[in-house]
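Colleague: Before we discuss the terms used for this protein, may I see the structure itself?

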Amino acid sequence: MIQIRPVSDLNDKFPEIEMLVNEGKPVYLTKDGYGTMVVLSLEEYTSLIDDVERKLDEADKMAESTKERLNHEEVFRNIRSIVHGK
């Protein structure tokens, strides 16, 4: 179940939020009824960042192997075709 909490819970219920994020559950925080941030455990955050870093490293290696360059429109068109299965 998604955990949505007011940002005031960071002060008022920190141990409870800490327990949730340490269980691998993100906690979505709101301020004045609007989403403001997500709290993650360091392990969850690191796994997200590591994946991005790994993909960027792969892209750098691919770029070194070819002179072909795509503009942003071509990149997004390719991504959309993959996402939409076309």
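Modeller: This is a predicted model, and I begin with one residue: Tyr-28 has a relative accessible area of 35%.

Colleague: Why is Tyr-28 called partly exposed?

Modeller: Buried means under 20% relative accessible area and exposed means over 50%. The 35% of Tyr-28 falls in between, so Tyr-28 is partly exposed. Tyr-28 is found in strand β2.

Colleague: What makes Tyr-28 eligible for a surface patch?

Modeller: A patch takes residues with over 30% relative accessible area and no salt bridge, and Tyr counts among the nonpolar side chains. The 35% of Tyr-28 passes that area cut-off. Tyr-28 indeed belongs to a nonpolar patch of about 750 Å², together with Ile-2, Ile-4, Val-38, Leu-40, Tyr-45, Leu-48 and Ile-49.

Colleague: Which element gives the largest share of the nonpolar patch?

Modeller: Helix α3 does, with three residues.

Colleague: How do you know that β2 and β3 are paired?

Modeller: Pairing requires at least two bridges between two strands. Five bridges join β2 to β3, so the two strands pair. They run antiparallel, and Lys-31 stands opposite Tyr-34 in β3.

Colleague: Why do β1 and β3 stand at the edges?

Modeller: The open sheet has the order β1-β2-β3, with mixed pairing. β1 (3-6) and β3 (34-39) each have a single partner strand, so one side of each lacks a neighbour in the sheet. From one strand to the next, the twist averages 35°.

Colleague: Which elements have the lowest and the highest mean pLDDT?

Modeller: Helix α3 (residues 42-64) has the lowest, 89, and strand β2 (residues 27-31) the highest, 96. The protein averages 91.

Technical notes
Residues are numbered from 1 along each chain as its sequence is written. This is a predicted model: local features need pLDDT of at least 70, side-chain atom pairs count only at pLDDT 80 or more; totals for chains, interfaces and linings use all residues. Side-chain values use heavy atoms; hydrogens and water are left out. pLDDT is the predictor's confidence in each residue, from 0 to 100. Helices (H or I, at least four residues) and strands (E, at least two) are DSSP runs, numbered from the N terminus. Axes are lines fitted to C-alpha atoms, for helices over the stretch in contact, and angles run from 0 to 180 degrees between N-to-C directions. Patches are made of residues with over 30% relative accessible area and no salt bridge: like charges are joined within 9 Å, nonpolar side chains (Val, Leu, Ile, Met, Phe, Trp, Tyr) within 5 Å. Accessible areas come from the Shrake-Rupley method with a 1.4 Å probe; for residues, only the protein chains shown count as cover. A salt bridge is a side-chain nitrogen of Lys or Arg within 4 Å of a carboxyl oxygen of Asp or Glu. Buried means under 20% relative accessible area, exposed over 50%, partly exposed in between (1.4 Å probe, protein chains only).
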